[in-house]
Each structure stands twice: as structure tokens, then as C-alpha cells.
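Visitor: Hey, got a minute to walk me through this one? I'd like to start with a pair of strands and go from there.

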Amino acid sequence: MKVIFAFLLAILAAHASSSDPGKAAVDFLEKVRHGKLNLEPGGDTALSPQTVDQKKTQILRRFERMARDLGSDPLEIGEIKLDENFAAVMVRKIGNFDPSRLQIFPVALVKRGEEWSAAPVPASFENTDILPTSGIRKRIELLENWMLREQVADLEKMREQSASRMRQKIQARLSAQDLRNLTAKQVVENFMKACEQRDLPMMLGLLGGLSTELPDDWSARLTAAEKAAGAENDRWRLLASPEVIRVQVQQEDEKETSLASFACLDPAKSAKGPSSPQLELVHLDLTKTSDDLWRINLPEEFLNEIPKKPDPEYVKNLDGELLKIFPQKFSETYPPTPQSSAELAQTALLNALEHEDLPSLLKLAELSHHPEIALQACNQAAQLWWIFHAPSAVCRAIPLASKIDDNSAISVVQIFSTRDPNELNAKLFYFAKSKDGWFWNPEPSTEIREKFDVWANAEIEKWPDQWQASLLSQIELLENIGAQKAPTKEDSQKIVEAWLKAAHHRDFDEMLRLISRLNDPKSGSIILQNIGYEINGLSLSHDETKTIGVYQGKVWTAVGVKINQKGKPIYPFYPMIQTAHG
């Protein structure tokens, strides 16, 4: 009995949900928003079968405009007016923190049996298959008039409430009293942390959202902050991207004002041209409001799409001097990590290039040179690190040879890329010993370069036909196919799942461990290139992969997989073979 009773409750709950006019209205708008509305009679609307094609085309165009208006903001159910088998629902688009994005969408609905269906024309029962008797016409006219009046009234009410709603959301993260107790330095620290964490309420509180009177340019501040909290923006990358190193190089405090300056090193800048990434300065101006709250004023280039060009003399004199401080300030913020030997310094460097963040790499570098040389070292490190971490790149550092003397060392390293699997791209890494230990030396002196020059050139000449063999040695070579039975379905599926996981996480070494190759001169290059294709494809997939079939033969077992890649399904087919080693 309990099972039957629970089953009946589940049916009633589902029935109540599907017959609720508010939910039906929101579901209708969500389908409009995502372009998935079925406009055919009997589909997702109460469209009359007698509607001509020309009218359907007009309705579809209206839905396209409505989808743009809906955007991506959340929807909530507002006022509902019922009249037996007719209903009118106000659906509110909540513009988050921006009052200008608030909108009301009136939806007319018709009940068919126990289900509500939206009329195809907003705020109207036009083009539904309602019998137009005088009584019905009067009833739906009252509902249509109510929707038009309520749309205006409800929107005005929402706008009046938007300031208090915004303030409540901000105060859930930062109260006015807490802000009042912060120093200018603490305000800046909190703002930088909020940018890194994409914490929009905290950012808005520090940009003036808690003031009794909002800043005159509040709309611009709000739009700018939402860009930082949402998709990557070229300028906002400097404050929000985890790839960028941000170091405070100056803070000038007065009683009612403050100026904080940050030097930002963005490794992605190297992707936009052959030159090294350049350090950029961001200046944050702080002022006290009339209610004694610190407020951050963003630079113009963060607020406007086309900012004014700065005075070149100002940039040269002030910014140039501040940028020279970056290496010193970086080392104060991120203490250096010298290694006890040249071999360990090389291992740490290659590991940081492939697996660590940019600060971990810079902490291994010698930055105590003249400021201009140290800046060049920082730029070179950022450019090199980005080669391994750019979204489109699949690279690996392969040590080939090294030479060490008392106070200096050099390593020849192959920078392997799956885009050019046959190319030797040897790079020289220099190391220097200080009183604290061994450091990577990105900008060695001419004397050091000349010291190792002959040896390095001789080593590089050895490797064009050899470096690939060291990489392919990890892959098992298939010479006696068929000596073993086909692997089991269970083992095959496990290996494919491990392969897909490794590709998704760009784990090149794990992928090498999971594959074998035919004894063919070209197979190595093809495999290395195909690993790159797999990584590039699967790292774009955020949905779960799904095994759709496992097929076992005498020698091979094949696993079919479905992968959603940028919203489109692909169906790779992975053949598996059993070897003497598994």
C-alpha cells in the first residue's frame, strides 16, 4: 500500500507541475530563449491549425527578437490572473545587478484538458483555436488589457525595488560597516581577490555599490564588472585571469584618496605576435564617499570600449620607472626557490614549464640582474611558459643533453609539439650557481654563451634523427599481431576510459603509456600527431563521454564512444589489442 500511495503522490505532483500556468509560461520562454520551440499545431504552443504560413513566419521572427531580449538572465514568475481555461502570466527577467536589463514578458495561456499551452503571440490570445463567441471574446479581452497594464506597473515596481535588491546581494558578501573599517590597502587587496575569484557582489561593493548615492557612472562600472566576472575580456584579463602575474609596485595614500599601481605580466600576449609579452600597469584610484566609504575608481580603459590614448610622456616617465620594480617586487611576493644542484634545477624547470603555474617558473629564475635584464628574463619566461599552456598547444619538454661546470650549466632540450612531430626544435637552457643555490638563467651573459657555444652546437647536430626515438621508446611496438587473444570487453572499456580521461586533462605521458604502434617507419610521427588531435578535441568537451558499444573479435576488441564536442556529437572508434605486457 505504501508503494502504491507513494506512486500516486508522484503522479499527482508531476500532474500539478505540468498543469501550473506559471511553470508553463516559464518553460515556453526557455524554449524561445534556446531556439527549441516547436511552432507546429499541437506542439509547444496553442497555435491554431488554420494559421497561414505568412503569419507563422511573422511569429517566428517575433520569437527571434524575444530570444535576444531574454538573453541569459534568470526568469521568475510574477503575477498570475486566471479565468477558468484562460490565464495570463507575468514572467520577470531579473537583470541581476543592472536595472536597465529588467523586463516583463506577458504570456497568454490556454488550457487543453489538464495542460496549459502558451499562445503564440505575447500578451495576446491571437492565432489560437479559441471559438470566438462574444462571451469568450470579452473574457480574453479583459485578460489582454490586464497584461498590458500589469506589464508597465510590474516593471516600474521592479525598478523601484532593484536598488534595494542589489544592495542586499552585495551586503551578503560585504556590509557597509565592514567596508568602512577597511584601510585603503585592504580595499585594494579585497578587490584584486574578488577579480581573481570572479566575485561580482564583492567587486560591486568596492566599486561604490554600497554608497547612499551610487556613482554617476554606475551603469558603466556595472557593465565592466560583469565582463570581468563573465567571459574573458582582453583588458580584464590583467585583473581576473589566473594565468596573469599581478604584483603591486606602488601605493600612495592620503586621508581621502589613494592610488595603487599593479604591474601585470600576461603570458597570452605572446600569442598575438612574435614579440615577447610585455608588462602592463594598472592604476586603481581610490576615493572616500560622503558616507565615509572607500570606493575604487576604475581606469577609463576598463569602462569604455575605446578609451583615450594615454600621454606617451607620462607613460614613459612614470610607468617606465614602476615597471622596472617588477622583478624585485615579484621576488618579495614570491620568494625564490633555488635548487641544490644543476640537475635538480633542470628537473624543476621542465616540470614548471609543463605542469606548474607561471609564478612557479619565475621563482626558479635568476632575477637579481640589472632591472632591464631582469625584465627581459620575465618576458622570456612568460613567452616560453605560454608555449606549453596555450589552449591550442600540445607540447612537451624532452631533455637531450647537459654540461655542468663549477658555477654554470647548460641543457639542450627538445620542445616537442604535436603540430610538428618530426621537427627538431632544440632550445638551450642556462643555469647559474649563487650563494643560495642553482637558478635558471634566462638572460645569460655573452661570456657564458660563448663558453658553451661549441659544445651546444655539436650536441644539436647529433639529435635531428635521434630525439624522436627517445620519446617513442615508451610506446610498445607490435610485431606479432594475433599471438594473444583479443582483450576482454571490460578491460578494453577501462583502457579507453583512462585514455579519454588522460586526453581531457592533457596528460601526454599517460597517453603514451596506454598505446601501442605498428612496426612502420611513419607510425611514430602519425601517432604523435594523432595524440595532439585527441587532446585538442577532448579538452574542448565538457560533457561526459558515453560508451555506446564494445565489439570483441578474435584478435581485436573495439570500443565505440559518443562525445559531445562544442554541442555536436562525434563517434570515435578505438581498437584494442592484447600484448605480452597487457
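Guide: Sure. In β10, Val-412 is the bridge partner of Ala-401. Keep in mind that this is a predicted model.

Visitor: Okay, in what sense do β9 and β10 pair, and over how many bridges?

Guide: Strand β9, residues 395–404, pairs with β10 in the antiparallel sense, over nine bridges. A hairpin of three residues joins β9 to β10.

Visitor: And which strand does Ser-411 of β10 reach with its bridge partner?

Guide: That would be β11, where Phe-429 is the bridge partner of Ser-411. β11 covers residues 426–434, and its pairing with β10 is antiparallel over seven bridges.

Visitor: What holds paired strands together in general?

Guide: Strands of a sheet pair through backbone hydrogen bonds, in a parallel or an antiparallel way.

Visitor: How many residues of β10 are buried?

Guide: Ten of the ten, over residues 408–417, so the definition of under 20% relative accessible area is met by each of them. Ser-408, Ile-410, Val-412, Gln-414 and Phe-416 point one way, Ala-409, Ser-411, Val-413, Ile-415 and Ser-417 point the other way, and all are buried.

Visitor: Let's switch to the pocket. What's the volume of the largest one?

Guide: The largest pocket comes to about 1,000 Å³. Its lining has 33 residues, and Leu-514, Ile-515, Ser-516, Pro-575 and Met-576 lie nearest the centre.

Visitor: Which elements give two or more residues to that lining?

Guide: They are β13 (476–478), α18 (489–504), α19 (508–513), β14 (516–518), α20 (523–538) and β18 (573–577). The largest share, six residues, comes from α20.

Visitor: I'm thinking about the chemistry of the lining. How does it split by class?

Guide: There are 19 nonpolar, nine polar and five charged residues in the lining of the largest pocket.

Visitor: Pick a residue from β13 for me. Is Leu-478 buried or exposed?

Guide: Leu-478, found in strand β13, is buried, because its relative accessible area is 12%.

Visitor: What does Leu-478 touch, apart from its neighbours within four places in sequence?

Guide: Its contacts are Ser-516, Arg-517, Leu-518, Asn-519, Ile-577 and Thr-579. Take Ile-577, which is 99 residues away from Leu-478 along the chain: the two C-alpha atoms are separated by 9.4 Å.

Visitor: Now the open sheet with β1 in it. What's the strand order?

Guide: The order is β1-β2-β3-β4, four strands with antiparallel pairing. β1 (75–83) and β4 (115–118) are the edge strands, each pairing on one side only. From one strand to the next, the twist averages 30 degrees.

Visitor: How many bridges join β3 to β4?

Guide: Four, with β3 spanning residues 103–112. Leu-109 stands opposite Ala-118 in β4.

Visitor: Which strands of the sheet does helix α3 touch?

Guide: Helix α3, residues 53–70, packs on the sheet and touches β1, β2 and β3, with its direction at about 130 degrees to that of β3. Helix α4, residues 134–171, lies across β1, β2 and β3 and runs at about 20 degrees to β2.

Visitor: Lys-56 caught my eye. Where is it, and is it buried or exposed?

Guide: Lys-56 sits in helix α3. It counts as buried because its relative accessible area is 16%. Leaving aside neighbours within four places in sequence, Lys-56 is in contact with Leu-39, Glu-40, Pro-41, Leu-47 and Thr-51.

Visitor: Any odd backbone angles? What's the phi of Glu-84?

Guide: Glu-84 has a positive phi of about 55 degrees, although it is not a glycine. Most residues other than glycine have a negative phi. Glu-84 lies in the loop between β1 and β2, and it counts as exposed because its relative accessibility is 65%.

Visitor: And what about Asn-127, what's its phi?

Guide: Asn-127 has a positive phi too, about 65 degrees, and is not a glycine. Its place is the loop between β4 and α4.

Visitor: Last one, the whole chain. How many helices and strands are there?

Guide: The chain has 20 helices and 18 strands. Of its 582 residues, 45% are buried. Among contacts with a separation of 6 or more, 62% come from residues 24 or more positions apart.

Conventions. Residues numbered from 1 in each chain as written. Predicted model: local features only at pLDDT ≥ 70, side-chain atom pairs only at ≥ 80, totals over all residues. Heavy atoms only, no water. 1 Å grid on protein atoms, 1.4 Å probe; cavity = no way out; pocket = protein on both sides within 12 Å on 5 of 7 lines; lining within 4 Å. Points joined across faces, edges and corners; volume = space filled by probe spheres on them. Nonpolar A, V, L, I, M, F, W, Y, C, P; charged D, E, K, R; others polar. Buried < 20%, exposed > 50% of the residue type's maximum accessible area, 1.4 Å probe, protein only. Pairing = 2+ DSSP bridges. Axes fitted to C-alpha atoms, helices over the stretch in contact; angles between N-to-C directions. Contact = heavy atoms within 4.5 Å.
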